[in-house]
Amino acid sequence: MVAANPAGDAGETYFLRRELVNELIQALATDDREVIGPRVEDGTIRLGPVSSAVDLPRGVGLDNAPGKARLVERGDDRLFDQPVGPDSWKRWTFPPRVTQAVWTDGDGTPAIERRLENPPRQITKKAFLGVRACEIAALRVHDRVLAQGPTPDRDYAARRRDNLIVAVECAVAGGTCFCASMGTGPEVRDGFDLALSEIDDGFVVRVGTPAGAAVLAGLPVNPATDAQFEHAQASAARVREQMGVTLPTDGLPERLIAAADSPRWAEIAERCIACTNCTLVCPTCFCTSVGQRSDLDGQAASSERTWDSCFTLDFARVAGGNFRTRVSDRYRQWLTHKFGTWTTQFGSSGCVGCGRCITWCPVGIDVRDELMAVAPPPEAAVVARPMIEALPVVAPLPPVRHEQHGTPPVKTTVVDTHRETHDTVTLRLRTDYQPLINGKPGQFVMPSLPAGASPAISISRFHNDGFSLTVRAAGASTARICALERGETLTVRGPMGRGWPVEQALGRDVMVITGGIGLAPLRPLLDWLIANRDHIARIQLSYGARTPGDRLYTAELDTLLLSGVIDIAQTVDRAGPEWLGRVGVVTQVIDRIMCSCDKTTAFICGPERMMQATVDVLHERGVPDERIWVTLERHMDCGVGLCGHCQLGRFFVCKDGPVFSLAELGPAFGIEGL
Amino acid sequence: MEEMSLTETASSQTPPLDDNLAAAWLTYSLSTATRGKLARMGRLATLVTGEVLMREGDPSDHLAIVLEGRIGLRVRVPERGPITILTVEPGDVVGWSAVVPPYRATSTAVALAPTELALFDGPPLREALASDAELAAGLYPVILSAVSRRLEGTRLQLLDLFSQRWVEPW
């Protein structure tokens, strides 16, 4: 018996007798690590704290099928012969609830305590025991989505740092497993500190990293014999054969996106009960919402991030509407993102083939069957997909410094307020935060008051000492923002998003077309156009509102009209006899405007249906997609591409938009329920 | 609102109606022959602000093309008074009901600004359309396209896209 090489040559293989698993767990628990592993709990296999081998599911199997999971008492000594249960490791790397910020009212001024400024202090180091190949792939997917974008999720990065990954190669395939189809398993290839393969009387242990070797160093292990090693390999090969390849994935993203109008979506919706189970058990689903609450005496408020699901009714809700009211739309959203647009967005499929969504679907919907029905492959031949090699390996994530977080909360002071309409107010806010003063037309901020929601609000003007926001009192939080008075404080994060491509206006006719409060995001653009008037052929503003009393910036528009700097056509949907201006929709203003339409750049903001009608008119008049720019409204909860709500095709509207050209959006613009 | 007392402009002082029809987007695409026939049937007229061209429910005596100014189309809503649901801008038609049975005005048309019209009397226009297939084949499509455009606009208005329908959670 020899000790493992403490220097840790990756690739060395040892044999660990089964009765020594307790020692392995103790070794993993050094340095105050919490060991998480599989346990029998709630009538299934769950993940939870493991303090000794007694906690592990010895001799227990899990018989699973669509909508079914039953424990099976095998009576043998094997510890890890089960397919995965409902929990995935995201419960620890990306917990269901995380407090994001706490406001206290100690001296009468709301103060922000950013909990995440010291994340390592609160987060204990973890050892994950029993991580399957598909789950290593899932961790990699989360690393890409949450930690490797322009604005990393600091909480996730902190929780992923210093994880010890003890992988287990599956010796049985569950009835819903399809990792072989997704190219993520069943063999554990890399991304582990230690990898165990369970054989008759113990484990073949592969060392993946020096940290893994250090764990093994104190344990009485022998080098694995050839027979033991071959036994482990044969076991993995048997699992691959047992599972088979049930889902052909070649060209699947393209096939799915092309099937947006498939009648199958409505058929699935007759079975799907939109319970959200599939997204909660999915190891890669990452959508979250942030909720606010305050204690009863008003002394403290906090915001808490919780898992959300694209199957919930309010997931795609925006002011005045909801993009996905039908279950069929929500199912399509989930499936096309997971297996389709995820690939263009993040470079890999969002599915790792773990089968949880099939097992834990209460009505037994099998995504493999649905994918084959919605987007069948051109040929019947099913080809095994090679193991994915391209994803980045799971490596300890560097600490994310606070200054890397792109949008820290900034306190601003209200220096002026102006009531625009019965429910809309423009606040002029002072700040010396230069990124806000130097923001781009079309960018937005997320203002928040303690215990209030944080909606996305477009900047409606830039000033030398701050900026303006035009806010409609749509609910409790926005009503509180509208009620702010001079001298009061408003905390905002921003500027966020990509603004209008102002340079596209140079040397051209410009049509600015907007409706309702949509004029607000266009006002900084108009300011820029007017400041650069000499370089623009013609500026035509077409503005529609519900009634004359709902128009914004009326005095300003009157002055502009008189100045002759820009042409302005205003119209309202309905009016009383006192209104002598235009009545009708804004599309009927632009369809008769004389323009050199092939040389025109159009900037549009308004309800999406209004923008669609406007785009139809512009198409008829010959304005090309490359020069039609729209700003999309989607549910934005985080503003930095992490919460998932505003995902549209390959974009997160908040960070990749909200301004897009029609050429960029392609078919993603104007599809109902997308 | 004043009742209409259409002021007809003396023909000797006006440019030929044909030029007006050639410049209006509704009729510019008509063939020269069709436009000429139409021009010979019409006359120029002006409305002062507040003057009523036709009343909702009344027989449609005129079809007109707005050349300058603005006509408001109003419907009466009991207890809310007249609501302007659409304005007819230069180039567009008002009084299309003069050529579509039952030849009754679907709204009240009132000038919201000093307005100049190319005016066509309903009965002779209907007779001409019934007897002259070439005129009917030229004119009906442009009238239909104007009505279709109006229907499309009305649908968008019906959606009430700018309204706030409920209290939001933010």
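In the predicted model, the buried residues of helix 8 of chain A are covered by elements of chain A that include strand 2 (13–17), strand 10 (164–169), helix 6 (179–182), strand 11 (194–199) and strand 12 (202–207). The residues of helix 8 that are buried beneath this cover are Q228(A), A232(A), V239(A) and M243(A). Viewed down the helix axis, these buried residues fall within an arc of 50°, so they line one face of helix 8 of chain A. This arrangement can be set against the general geometry of such elements: an α-helix has 3.6 residues a turn, so residues three or four places apart point the same way. On the face turned away from the buried side, helix 8 of chain A carries the exposed residues D226(A), A227(A), A234(A), A237(A) and E241(A).

The length of helix 8 of chain A, residues 226–243, was also examined. Because each residue should contribute 1.5 Å, the 18 residues are expected to span 26 Å, and the end C-alpha atoms are 26 Å apart, in agreement with that expectation. The residue that follows helix 8 of chain A is G244(A), with a positive phi near 70°.

The contact between the two chains involves 31 residues from chain A and 27 residues from chain B. On the side of chain B that touches chain A, the elements giving two or more residues are strand 6 (81–88) and helix 4 (133–159) of chain B. Strand 6 of chain B provides the largest share of that side, seven residues. Classified by residue type, the side of chain B that touches chain A comprises 14 nonpolar, nine polar and four charged residues.

Terms used. Residues are numbered from 1 along each chain as its sequence is written. Chains are lettered from A and ligands numbered from 1 in the order in which they are written. This is a predicted model: local features need pLDDT of at least 70, side-chain atom pairs count only at pLDDT 80 or more; totals for chains, interfaces and linings use all residues. Two residues are in contact if their C-beta atoms, placed from the backbone, lie within 7 Å. Helices (H or I, at least four residues) and strands (E, at least two) are DSSP runs, numbered from the N terminus. Ala, Val, Leu, Ile, Met, Phe, Trp, Tyr, Cys and Pro count as nonpolar, Asp, Glu, Lys and Arg as charged, and the others, Gly among them, as polar. The expected span of a helix is 1.5 Å times one less than its number of residues. A residue is buried if 20 or more other C-beta atoms lie within 10 Å of its own, exposed if 12 or fewer, and partly exposed in between; C-beta atoms are placed from the backbone. The arc is that of the directions from the helix axis to the C-beta atoms.
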